[in-house]
Amino acid sequence: ALFAAPLRRGEQRTECPAPVLGGLLFTRFMIAGFAAYRALEAAGIEASESYPDLQFRLAAPSVRLLPKSAGKVALAMRQQIVASVAGEAGVAAGPPATLDFADAAILSLGAARAARSGTLIELGCPAEGRFVLALNDAQQRLLAAGPEGALDKRVADRLQKVADERGQVSKQ
């Protein structure tokens, strides 16, 4: 059963001889995400993936991001990064109360900041799907710097076109 009744720690299903020690919340979270992605796709809505861990690393490349298992210290680190990105995005945001809220905050704030500056990039391939990166202005400039710094000339050309369009809009 894909969405069976939840188990509490220490409980086990009759067909499962070993106790379940963890992973239920994460597994259900991932299954819900996969189901939502497929439902949007079936409805004709384009959807893309994004990963909070990567977005935290893009938002604070010089910071050694602690794993979530570090608990309160990991949360405090993520709260600081979220506050920084919120400031860059021009959004008033309180500190996220949990690691999951921090994940949601970094994805939405990073996307908001990148959408405003034209540095929201989608990468994709048929076998893996579509994946969104929310870059800051410095990362966008590095990517568009030329053949040595560009992932692909088409990406650099698209970023330059967006930058040119932004310049034209701001001049009007």
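In the predicted model, K68 is partly exposed, with a relative accessibility of 36%. K68 forms a salt bridge with D103, and the closest N and O atoms of the two residues are 2.4 Å apart. This pair links distant parts of the chain: K68 is in the loop between helix 2 and helix 3 (72-89), D103 is in helix 4 (residues 99-117), and 35 residues separate them. D103 has a relative accessibility of 11% and counts as buried, because the limit for that class is under 20%. The salt bridge therefore joins a buried residue to a partly exposed one.

The count of salt bridges in the model comes to four. Side chains of opposite charge can pair when their charged atoms come close. Another of these contacts is formed by D53 and R57, with 2.7 Å between the closest N and O atoms. Both residues belong to helix 2 (residues 52-59), where they are four residues apart and thus separated by about one helical turn. D53 is partly exposed, at 37% relative accessible area, and R57 is also partly exposed, at 39%.

A salt bridge is also present between the side chains of R38 and E41, at an N to O distance of 3.2 Å. R38 and E41 lie three residues apart in helix 1 (residues 24-42), a spacing of about one helical turn. E41 is partly exposed, with a relative accessibility of 42%.

Helix 2 also contains Q55. With 3% relative accessibility, Q55 counts as buried. A polar atom of the Q55 side chain lies 2.8 Å from the backbone oxygen of A134. Leaving aside residues up to four places away in sequence, Q55 touches S50, I106, L107, R113, L133 and A134. A134 is thus both a polar partner of the Q55 side chain and one of the residues that Q55 touches.

The strands form a further element of the model. Strand 1 (residues 120-125) and strand 2 (residues 129-134) run antiparallel and are joined by six bridges. Between the two strands are three residues, and the arrangement is a hairpin. Within this pairing, L123 has F131 of strand 2 as its bridge partner. L133 and A134, which are among the residues touched by Q55, fall within the range of strand 2 (residues 129-134). Contacts of Q55 in helix 2 therefore include residues of the hairpin, given the range of strand 2.

Methods
Residues are numbered from 1 along each chain as its sequence is written. This is a predicted model: local features need pLDDT of at least 70, side-chain atom pairs count only at pLDDT 80 or more; totals for chains, interfaces and linings use all residues. Side-chain values use heavy atoms; hydrogens and water are left out. Two strands pair if DSSP finds at least two bridges between them. Buried means under 20% relative accessible area, exposed over 50%, partly exposed in between (1.4 Å probe, protein chains only). A polar contact is a pair of N or O atoms within 3.5 Å; within protein, one must be able to donate a hydrogen and the other to accept it, and residues adjacent in sequence count only if both atoms are side-chain atoms. Contact means heavy atoms within 4.5 Å.
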